[in-house]
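The exercises below ask the reader to work from the coordinates to a description of local environments, one step at a time. Please attempt each task before reading the solution that follows.

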Amino acid sequence: MKITLNNREEHFDVDAMSVSDLIIEKNFTFKLLVTKINDKLVKKEERDKTMIKDGDKVTVLHMVSGG
Amino acid sequence: MNLNEIIRRLSGKMAGIAGCGGLGSNCAMALARCGIGKIIIADFDTIDHSNLNRQYFFLDQLGKKKVLALEENIKKVVPSCVVEPHDIKLEPVDVLRLFGNCDVIIEAFDSSSEKAMIIETVLAEYPDIPIISGLGLAGYGNTNDISVEKHGNLYICGDRRSEVDEDNPPLAPRVNIVANMQANVAIDLLLKME
């Protein structure tokens, strides 16, 4: 499937994957992340069961400290 | 758009700023100087000497509540700007109560958990209000790594990876760049609104 991840096109050899799978696959290492699919928030506790499909627009953001 | 028109249009706008440290204090001053009508600011902290390397406060304000000192400083430059200070550690319920009517929300926290809290709260409860976050500003140099990324109504200003730690402290230049970038995104959005 083809998705847009953080405004960039990405290809995967599967038809669907959970948000948690994507986080592992793409090595998002920070403890704190904010995730969205098609501009809708996916809460941390929903990442295991929320599936990403072909054509989805996905955002995964590291919460980087400092301000 | 000429300056008078910019000031006229911004005078009817309201921004909420969560956190009054390096990002919040500098962003608030920039918005006030541009002519924004009202700023709601929230922070629970007091001013420490270590804050003065990057935050818009002065030596004679040490020990004061940040929200009150920031209100004072904004008023010294732009007396017409309405400032609503809230001396509070923001929880999700406060975010909704205080910022629900804002035209734009600025995430200006220090800690990553608070950043996640306000971004998730606003995305879930007020998806139509733009939220502008500062992520990745520690250290010095690498100016060209700092940029704005748009993710729907969420705007990320920063390099998205430089975390503050012992060897990577927050310093005035990069913190100010990101704070003013947040203000610049806000002004752009506000001037495009009705």
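**Exercise 1. Locate Cys34(B) and describe its surroundings.**

Solution. Cys34(B) is placed in helix α2 of chain B, which covers residues 22-34, and the model in which it is examined is a predicted one. The next step is accessibility: the relative accessible area of Cys34(B) is 32%, and because partly exposed residues fall between 20% and 50%, Cys34(B) belongs to that class. Once neighbours within four places in sequence are set aside, the contacts of Cys34(B) are Ile6(B), Ile7(B), Leu10(B) and Ile187(B). For one of these partners, Ile6(B), the C-alpha atom is separated from that of Cys34(B) by 7.8 Å, although the two residues are 28 residues apart along the chain.

**Exercise 2. Is Leu98(B) buried or exposed, and which residues does Leu98(B) touch?**

Solution. Begin with the position, which is in helix α4 of chain B, residues 92-99. The relative accessibility of Leu98(B) is 9%, and since the limit for a buried residue is under 20%, Leu98(B) counts as buried. With residues up to four places away in sequence not counted, Leu98(B) touches Ile40(B), His86(B), Ile88(B) and Leu90(B). The pair Leu98(B) and Ile40(B) is 58 residues apart along the chain, yet the C-alpha atoms are separated by 7.6 Å.

**Exercise 3. Contrast the settings of Asn73(B) and Asn168(B).**

Solution. First assign the elements: Asn73(B) is found in helix α3 of chain B, residues 66-77, whereas Asn168(B) lies in the loop between β7 (154-158) and α6 (172-192) of chain B. Second, compare accessibility: Asn73(B) has a relative accessible area of 2% and is buried, while Asn168(B), with a value of 24%, is partly exposed. Third, list the partners, again leaving out residues up to four places away in sequence. Asn73(B) touches Met29(B), Tyr56(B), Phe57(B), Phe58(B) and Gln61(B), whereas Asn168(B) touches Ala138(B), Gly139(B), Ser162(B) and Glu163(B). Finally, add the distances for Asn168(B): a polar atom of its side chain lies 3.5 Å from the backbone oxygen of Glu163(B), and its C-alpha atom is separated by 5.6 Å from that of Ala138(B), 30 residues apart along the chain.

**Exercise 4. Check the length of helix α5 of chain B and judge how far α5(B) is enclosed.**

Solution. Helix α5 of chain B comprises 14 residues, 112-125, which at 1.5 Å a residue should span 20 Å, and the end C-alpha atoms are 20 Å apart, so the expectation agrees with the model. Of the 14 residues of α5(B), 10 are buried, and therefore the helix is largely enclosed by the rest of the structure. The buried set includes Ser112(B), Glu114(B), Lys115(B) and Met117(B). Ser112(B) itself has a relative accessible area of 17% and is buried, and, apart from its neighbours within four places in sequence, Ser112(B) is in contact with Leu32(A), Met63(A) and Ser65(A).

**Exercise 5. Describe the largest pocket and the second largest pocket.**

Solution. The largest pocket has a volume of about 410 Å³. Its lining has 14 residues, of which Asn6(A), Arg8(A), Phe28(A), Glu149(B) and Arg160(B) are the closest to its centre. The elements that each supply at least two lining residues are β2 (8-11) and β7 (57-62) of chain A and β6 (147-151) of chain B, and β7(A) gives the largest share, three residues. Sorted by class, this lining has four nonpolar, three polar and seven charged residues.

The second largest pocket holds about 230 Å³ of space. Of its 21 lining residues, the closest to the centre are Asp43(B), Asp45(B), Lys66(B), Asp110(B) and Glu114(B). By class, this lining divides into seven nonpolar, seven polar and seven charged residues.

**Exercise 6. What are the phi values of Asn7(A) and Asn142(B), and where do these residues lie?**

Solution. Most residues other than glycine have a negative phi. Asn7(A), however, has a positive phi near 70 degrees, and Asn142(B) has a positive phi of about 50 degrees. Asn7(A) is found in the loop between β1 (2-5) and β2 of chain A, and its relative accessibility of 43% makes it partly exposed. Asn142(B) is placed in the loop between β5 (131-134) and β6 of chain B.

Key. Residues are numbered from 1 along each chain as its sequence is written. Chains are lettered from A and ligands numbered from 1 in the order in which they are written. This is a predicted model: local features need pLDDT of at least 70, side-chain atom pairs count only at pLDDT 80 or more; totals for chains, interfaces and linings use all residues. Side-chain values use heavy atoms; hydrogens and water are left out. Helices (H or I, at least four residues) and strands (E, at least two) are DSSP runs, numbered from the N terminus. Buried means under 20% relative accessible area, exposed over 50%, partly exposed in between (1.4 Å probe, protein chains only). Contact means heavy atoms within 4.5 Å. A polar contact is a pair of N or O atoms within 3.5 Å; within protein, one must be able to donate a hydrogen and the other to accept it, and residues adjacent in sequence count only if both atoms are side-chain atoms. The expected span of a helix is 1.5 Å times one less than its number of residues. On a 1 Å grid over the protein atoms alone, a cavity is a set of points where a 1.4 Å probe fits but cannot get out, and a pocket is an open set with protein on both sides within 12 Å along at least five of seven lines; lining residues have an atom within 4 Å of a point. Grid points are joined across faces, edges and corners, and a volume is the space filled by probe spheres set on the points. Ala, Val, Leu, Ile, Met, Phe, Trp, Tyr, Cys and Pro count as nonpolar, Asp, Glu, Lys and Arg as charged, and the others, Gly among them, as polar.
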